[in-house]
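Q: Please take a close look at the largest nonpolar core. I would like a connected account of that part, with its surroundings and enough of the overall picture to place it.

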Amino acid sequence: SRAAALALVAALVVLALARRSLWPLAGAAAVLAASVATAAWFTSIAPEARFFPEDKAYQERRAREEGPLPPGSPLDTTSGFSDSSSREHLAELRRSFENLVDRPQGHGLGTSGQIAQRFGDGDFAAGESLYLTIGVETGVAGLLALLALVGATLVVLFRAARRRAGSALGIAAAVLVAA
């Protein structure tokens, strides 16, 4: 996915900083170039969808409801977030954030994300982000506690990677902070 490719680029940059090494930056550049190339040529290299005859009516109805594809190359629509996938993800993030703002004390454990969808315990959207899921369930205080824990962990790992550079512990810390 686009997010995974960007996360890998960011992780390689963090790894370069933590290890004081340039080779991860070369990897980041390669991943970024491959991702842009894939987005630019996606319609040429992507598999072609074929539907069973009994699915055709449904697919045609959905196409009429959704309208035509956005004009432009896949690279343009992806980078401009005008494709339907980006619009859906951003709408879900917005809805999740609104649920957090509407009830900053939280809705309770199991009321959002996959658990709520699976067991029908609530309809409080937060499926696009683990952080928003925790925020919707535990409130702003729970989200801030998680962010503080994650931040402190990253600082400790980054410092360990710098202090123990070259050792197995330093390499492990650098890999973990990048991950």
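A: In what follows, a residue counts as exposed when its relative accessible area is over 50%, and as buried when that area is under 20%. The model is predicted. For the protein chain the mean pLDDT is 83, with 84% of the residues at 70 or more. Confidence varies among the elements: helix α8 has the highest mean pLDDT, 93, and helix α5 (residues 74-79) the lowest, 62.

First, the setting. The protein chain contains nine helices and zero strands. Of its 179 residues, 25% are buried. The accessible surface is about 12100 Å², and carbon and sulfur atoms account for 65% of that area. When contacts between residues at least 6 apart in sequence are considered, 53% of them link residues at least 24 apart.

Now the core itself. The largest nonpolar core has 14 residues, and the members touching the most other members are Leu12, Leu15, Ala18, Ala161, Ala173 and Ala174. Two or more residues come from each of α1, α2, α8 and α9 (168-178). The biggest share is that of α1, which supplies five residues. As a general point, nonpolar side chains in soluble globular proteins tend to be buried together.

Ala161 is one of the well-connected members. Its place is in helix α8 (residues 130-163). Ala161 counts as buried because its relative accessibility is 1%, and the cut-off for burial is under 20%. Beyond its neighbours within four places in sequence, Ala161 is in contact with Ala18, Gly170, Ala173 and Ala174. Three of these partners, Ala18, Ala173 and Ala174, are also named among the core members that touch the most others. Ile171 is ten residues from Ala161 in sequence, and the C-alpha to C-alpha distance between the two is 6.4 Å.

Leu15 is another of these members. With residues up to four places away in sequence set aside, Leu15 touches Trp23, Pro24, Ala174, Val175 and Ala178. Ala174 is thus a partner of Leu15 and also of Ala161.

Between α1 (2-19) and α2 (23-40) there is a loop, and Arg20 is found in it. Arg20 is not a glycine, yet it has a positive phi of about 55 degrees. Its relative accessible area is 60%, so Arg20 is exposed.

After this loop comes α2, with 18 residues and a reach of 26 Å from first C-alpha to last, close to the 26 Å expected at 1.5 Å a residue. Within α2, the residues Pro24, Ala28, Val31 and Ala39 are buried. They lie on the same side of α2 because they cover an arc of only 65 degrees around the axis. Trp23 and Ala26 are exposed on the other side of α2. The general background is that an α-helix has 3.6 residues a turn, so residues three or four places apart point the same way. Leu15 has a partner on each side of α2: the buried Pro24 and the exposed Trp23.

In short, α1, α2, α8 and α9 each give two or more residues to the core, while Arg20, in the loop between α1 and α2, is exposed.

Definitions and conventions: Residues are numbered from 1 along each chain as its sequence is written. This is a predicted model: local features need pLDDT of at least 70, side-chain atom pairs count only at pLDDT 80 or more; totals for chains, interfaces and linings use all residues. Side-chain values use heavy atoms; hydrogens and water are left out. Helices (H or I, at least four residues) and strands (E, at least two) are DSSP runs, numbered from the N terminus. Buried means under 20% relative accessible area, exposed over 50%, partly exposed in between (1.4 Å probe, protein chains only). Contact means heavy atoms within 4.5 Å. Accessible areas come from the Shrake-Rupley method with a 1.4 Å probe; for residues, only the protein chains shown count as cover. pLDDT is the predictor's confidence in each residue, from 0 to 100. A nonpolar core is a set of buried Ala, Val, Leu, Ile, Met, Phe, Trp, Tyr and Cys residues joined through side-chain atoms within 4.5 Å. The expected span of a helix is 1.5 Å times one less than its number of residues. The arc is that of the directions from the helix axis to the C-beta atoms.
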